[in-house]
Amino acid sequence: MKTDVAIIGGGPAGMLLSQILDLNGISSIVLERQTKEYVLGRIRAGVLEQGTVEMMSKAGIGDRIEKEGFIHESIGIGFDDAVHSIDVVGLTNGSVVTVYGQTELTKDLYQIREETKGVVLTGVEDVQLYQLTTDEPYVTCRHAGENLRIDCDFIAGCDGFHGPSRQAIPVSHLNEYHLSYPYGWLGVLSETPPVCDEVVYSNHERGFALCSMRNKELSRYYIQVPSGDRVSDWSDDDFWKEFKQRVPNVIASTIVTGPSIEKSIAPLRAFVADNLNYGRLFLAGDAGHIVPPTGAKGLNLAVSDVYYLSEAFKSFYKQGSEKDLSNYSSTALRRIWKTVRFSLMCTKMLHLSPQSTPFEKEVQKAEIRYLLSSKAAMTTLAENYVGLPY
Ligand code: RFL
Ligand code: PHB
């Protein structure tokens, strides 16, 4: 098989890239390890930056987001038994975020690639990358019992943190920065009406809690749990009991609880790969970086990477210029590091750290009080939350 760009990974980054390339007459083949049903069943992100929504519209899949997404003009901070609203739209001259599940966004991407007859091979095994530093790289894999070889001009590594793409970069060309937190998020999806119409991030001495939603009948809630906890350690009753203790009473007393239809634990960590490029291989999305979910940035960063990378492929195929491709890594990393900074700052401000001294706990409270009393601090939070410019 032959294509312009071989894309490893059919998550949001890989699928969006293939769609944008297609709109620009650049061919691609997507290789996804899991089945389509598995990919579409994963419950993950829920908050889209304005730039992400614009990218989806440009890619021809903005209609359902526009119809079914929920525009949020503010976010809530739960602190001292009250919900403090931050007027995101007012502080950013009109920018908002859209609540729309990653599951739905991925469904839209698979659907449009089916309509546009894109080649997306699911259930592939043993993906391997070759000749990355030549003009003739290729990928091999097994698919439906056959061995495949895909010759291409470029390879896009969109295969998440554990995929083979980053591992194909020699260690001498890769600097990896890692940070892990001694806690994770236990998330529950429940067929109940969301308790608030804004996303509420709650700081509490028992630990962090988050109220989010997917639609009018579907809520998504999280609580901070120690690393090492397993989903089986937490019954639904235990979850709700703990959750209610960590949110302001106005939420605890009105929340409608119900059985969880999904429950999972995500570890909190940060990771950045420097460089995102090796020869003809380019990394995008979680393959190149992970942020703790507190700022709601993982999916949005994957989309901004795809923006820079697709623009660079466009200049290569349309103007014959390799300049944007050679600058891809440094351009994308500048935005990535700023977003890492924001995600770490939110994580530190809102979570209970098991190592915190009483002194540090007081400083954390002062940090939140300062945020809630300072227009400058709230503006900083709001402009990062809606997404920094590309
Ligand atoms: P993905 O979605 O992991 O997709 C990578 C794909 O590559 C495939 N793959 C392979 N394919 C072929 N061969 C192999 N050997 C392969 N190995 C892996 C995988 O099967 C998969 O389909 O990465 P991508 O596309 O870069 O997208 C990144 C986002 O999924 C991720 O950043 C977000 O979900 C993070 N995230 C959030 N991001 C936000 O912007 N806003 C949020 O509100 C938000 N909340 C979250 C989150 C992530 C969470 N978890 C579970 C980590 C909340 C949670 C709880
Ligand atoms: C979610 O709805 O899953 C969600 C919302 C906000 C975050 C992270 C996750 O910061």
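Here are some numbered notes on two ligands, a pocket and a small sheet in this predicted model.

1. Start with ligand 1 and its neighbours. There are 29 residues around ligand 1, and those that come nearest are Glu32, Arg42, Gln102, Asp286 and Leu299. Try finding these five on screen before you look at anything else around ligand 1.

2. Which atoms of the protein sit across from the oxygen atoms of ligand 1? Arg42 uses its side chain: a polar atom there is 2.8 Å from an oxygen atom of the ligand. Pro12 takes part through its backbone, with a polar atom 3.3 Å from an oxygen atom of ligand 1. Asn300 also offers a polar backbone atom, this one at 3.1 Å from a ligand oxygen. As for how covered the ligand is, ligand 1 taken alone exposes 1,000 Å², and the protein buries 87% of that.

3. Now look at where the shell around ligand 1 comes from. Helix H1 (12-23), strand E2 (28-32) and helix H10 (298-319) are the elements that give two or more residues to it. H10 has the largest share, with 3 residues. Sorted by type, the shell around ligand 1 holds 12 nonpolar, 10 polar and 7 charged residues.

4. Ligand 2 has its own set of neighbours. It is surrounded by 13 residues, and the closest are Tyr201, Ser212, Arg214, Tyr222 and Pro293. In the shell around ligand 2 you'll count 7 nonpolar residues, 3 polar ones and 3 charged ones.

5. How far is the side chain of Arg214 from an oxygen atom of ligand 2? An N or O atom in that side chain lies 2.8 Å from such an oxygen. Two backbones join in as well: an N or O atom of the Thr294 backbone is 3.3 Å from an oxygen atom of ligand 2, and for a backbone N or O atom of Ala296 the distance is 3.4 Å. On its own, ligand 2 exposes 280 Å², of which the protein buries 96%.

6. Which strands supply at least two residues each to the shell around ligand 2? They are strand E15 (209-215) and strand E16 (218-226). The largest share, 3 residues, comes from E15.

7. Next, some empty space. The second largest pocket holds about 390 Å³. It is lined by 16 residues, and Lys348, Met349, Ser353, Ser356 and Gln364 are the closest to its centre. Strand E13 (175-190), helix H11 (323-350) and helix H12 (358-373) are the elements that each give two or more residues to this lining. By type, the lining of the second largest pocket splits into 6 nonpolar, 7 polar and 3 charged residues. If you wonder how empty space gets found at all, rolling a probe the size of a water molecule over the atoms shows where it is left.

8. Last, a sheet to trace by eye. Three strands make an open, antiparallel sheet, in the order E3-E7-E4. Why is one side of strand E3 (47-48) and of strand E4 (70-72) left without a neighbour in the sheet? Both stand at the edges and each has a single partner strand, so there is no neighbour on one side.

9. You can follow one pairing in that sheet residue by residue. E4 and strand E7 (residues 97-99) run antiparallel and are joined by 3 bridges. For Phe70, the bridge partner in E7 is Val99. As background, strands of a sheet pair through backbone hydrogen bonds, either parallel or antiparallel.

Conventions: Residues are numbered from 1 along each chain as its sequence is written. Chains are lettered from A and ligands numbered from 1 in the order in which they are written. This is a predicted model: local features need pLDDT of at least 70, side-chain atom pairs count only at pLDDT 80 or more; totals for chains, interfaces and linings use all residues. Side-chain values use heavy atoms; hydrogens and water are left out. On a 1 Å grid over the protein atoms alone, a cavity is a set of points where a 1.4 Å probe fits but cannot get out, and a pocket is an open set with protein on both sides within 12 Å along at least five of seven lines; lining residues have an atom within 4 Å of a point. Grid points are joined across faces, edges and corners, and a volume is the space filled by probe spheres set on the points. Helices (H or I, at least four residues) and strands (E, at least two) are DSSP runs, numbered from the N terminus. Ala, Val, Leu, Ile, Met, Phe, Trp, Tyr, Cys and Pro count as nonpolar, Asp, Glu, Lys and Arg as charged, and the others, Gly among them, as polar. A residue is near a molecule or strand if one of its heavy atoms lies within 4 Å of it. A polar contact is a pair of N or O atoms within 3.5 Å; within protein, one must be able to donate a hydrogen and the other to accept it, and residues adjacent in sequence count only if both atoms are side-chain atoms. Accessible areas come from the Shrake-Rupley method with a 1.4 Å probe; for residues, only the protein chains shown count as cover. Two strands pair if DSSP finds at least two bridges between them.
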